[in-house]
Amino acid sequence: MKFLALLALAIPLLAQQHGTDPIQLDNGARIYSGTCSVCHGPDGDQVSGVELKKGQFRRAATDDDLAKIIQTGIPGTAMPPNNINSGNLVALVAYLHAMRDFKTKKVTLGSATTGRTVFEGKGGCAGCHRVNGNGSHMALDLSDVGAVRTPAYLEDALLEPETANLPQHRFIRATTRTGEQITGRRMNEDTLTIQIIDSKERLRSLNKADLRTYEIEKESRMPSYRDKLTAAERADVIAYLVSLKGAAK
Ligand code: HEC
Ligand code: HEC
């Protein structure tokens, strides 16, 4: 019985990890622009005879071929070997397939200094997020968000938190067998337990076997800043976020 209950809890979480995962694509896009676009260009068409964006590869028939080309390079040509871990490799291959549909949109960056003022003041961001030790534990710590997200992702997060962010960041709502209701942000999870930051900012570890219900909230807690900030203020906030590389942790 216990085994069945565990399975029922695990399936929805696993399901989220398949399909086109926007965070994975964003990660792939970031690696591409950092490592590959110097030669291949933002649209993958700068090396003559190679059109990465078309999704047709002369030298690769399968994803495994692609991964191998990326890792070992193409001997005798300028295509170098790349030392990329397997998770990032999967993200990069996913991005190569999705490049065609990926909007290479230009994001305006304003002043990071003004952005910080908006973040801590008018935007009310620090009421939920934490940066370099200041602010709330309620939502994600953004201290290194500039190192892990592209400007386009950050802009989407501000304009459309509903569609931009993945459910894996969403809050969970659980009821224990004794009837206690707990909501909070999921920090970590293994087969038997789940760790959350509850609404009072306390870290709690829950045994999955002790939970009667467990669900991920469908609504984002993050408000859209489409109307709450001007375009100039958003550009400032994005510049500030881009500047957060996690150095001063
Ligand atoms: C130093 C320049 C350079 C860098 C950096 C580079 N490439 Fe290449 N890449 C090339 C060249 C040149 C070719 C064409 C080789 C040939 O076939 O003559 C190539 C070929 C390829 C091919 C094969 C295309 C096909 O049609 O089969 C793929 C896929 C590819 N690169 C992906 C990447 C990815 C992904 C990255 C980043 C991790 C990357 N490259 C980084 C220069 C580069
Ligand atoms: C009421 C709480 C709240 C406020 C206020 C808030 N956020 Fe969020 N934010 C969240 C939550 C919760 C998430 C996680 C995703 C979700 O639930 O949609 C999130 C996600 C994000 C993300 C995505 C991070 C990632 O790596 O995926 C960014 C960037 C972000 N917020 C920036 C901001 C900025 C900048 C502001 C202020 C202009 C702000 N947030 C205000 C709650 C908030």
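Trainee: What arrangement do the six donor atoms make around the iron atom of ligand 2?
Mentor: The arrangement is octahedral, because the six donor atoms subtend angles of 88 to 179° at the iron atom of ligand 2. Donors here are N, O and S atoms within 2.8 Å of the metal (3.2 Å for Na, K and Ca), and sites may look incomplete since water is not among the atoms. Six donors count as octahedral if opposite donors are over 155 degrees apart and all others between 65 and 115.

Trainee: And what would the ideal angles be for six octahedral donors?
Mentor: Those would be 90 or 180 degrees.

Trainee: Anything I should keep in mind about the model itself?
Mentor: Yes, it is a predicted model, where local features need pLDDT of at least 70 and side-chain atom pairs count only at pLDDT 80 or more, while totals for chains, interfaces and linings use all residues. Residues are numbered from 1 along each chain as its sequence is written, chains are lettered from A and ligands numbered from 1 in the order in which they are written, and side-chain values use heavy atoms, with hydrogens and water left out.

Trainee: Back to the metal, then. Which protein donors does the iron atom of ligand 2 have?
Mentor: They are His129 through NE2 and Met222 through SD, lying 2.0 Å from the iron. Histidine 129 sits in the loop between α5 (112-120) and β1 (130-131) and methionine 222 in the loop between β7 and α9, so the pair ties together parts that are 93 residues apart in sequence. Helices (H or I, at least four residues) and strands (E, at least two) are DSSP runs, numbered from the N terminus.

Trainee: Is histidine 129 buried or exposed?
Mentor: Histidine 129 counts as buried, at 12% relative accessibility. Methionine 222 is at 23% and counts as partly exposed. Buried means under 20% relative accessible area, exposed over 50%, and partly exposed in between, using a 1.4 Å probe and protein chains only.

Trainee: Which residues come nearest to ligand 2?
Mentor: Of the 25 residues around ligand 2, those are Cys125, Cys128, His129, Ser220 and Met222. To be near, a residue needs one of its heavy atoms within 4 Å. Two elements, α7 (151-159) and α9 (231-242), give two or more residues to this shell, and α7 gives the most, with four.

Trainee: What polar contacts does ligand 2 have, say with tyrosine 153?
Mentor: A polar side-chain atom of tyrosine 153 lies 2.6 Å from an oxygen atom of ligand 2. On the histidine 129 side chain, an N or O atom is 2.8 Å from a nitrogen atom of ligand 2. A polar contact is a pair of N or O atoms within 3.5 Å; within protein, one must be able to donate a hydrogen and the other to accept it, and residues adjacent in sequence count only if both atoms are side-chain atoms.

Trainee: OK, now ligand 1. What are the protein donors of its iron atom?
Mentor: His40 (NE2) and Met79 (SD), lying 2.0 to 2.1 Å from the iron. This pair links distant parts of the chain: histidine 40 is in helix α2 (residues 22-40) and methionine 79 in the loop between α3 (63-72) and α4 (86-98), 39 residues apart. The site is octahedral, with angles of 88 to 179° among the six donor atoms.

Trainee: How accessible are histidine 40 and methionine 79?
Mentor: Histidine 40 is buried at 13% relative accessibility, whereas methionine 79 is partly exposed at 22%.

Trainee: Where do the arginines touch ligand 1?
Mentor: A side-chain N or O atom of arginine 59 is 2.7 Å from an oxygen atom of ligand 1. For arginine 58, a polar backbone atom is 2.9 Å from an oxygen atom of ligand 1.

Trainee: New topic: the strands. How many bridges join β3 to β4?
Mentor: Five, and β3 and β4 (residues 181-189) run antiparallel. Strands pair if DSSP finds at least two bridges between them. Five bridges also join β3 to β7 (residues 211-216), again antiparallel, with arginine 173 opposite glutamate 215 in β7.

Trainee: Is β3 enclosed or open?
Mentor: Strand β3 (residues 171-176) is largely enclosed by the rest of the structure, because five of its six residues are buried.

Trainee: What about glycine 179 in that hairpin?
Mentor: The hairpin of β3 and β4 has four residues between the strands, and glycine 179 takes a positive phi near 95° there.

Conventions
Tetrahedral: all angles 85-135°; square planar, octahedral: opposite > 155°, others 65-115°.
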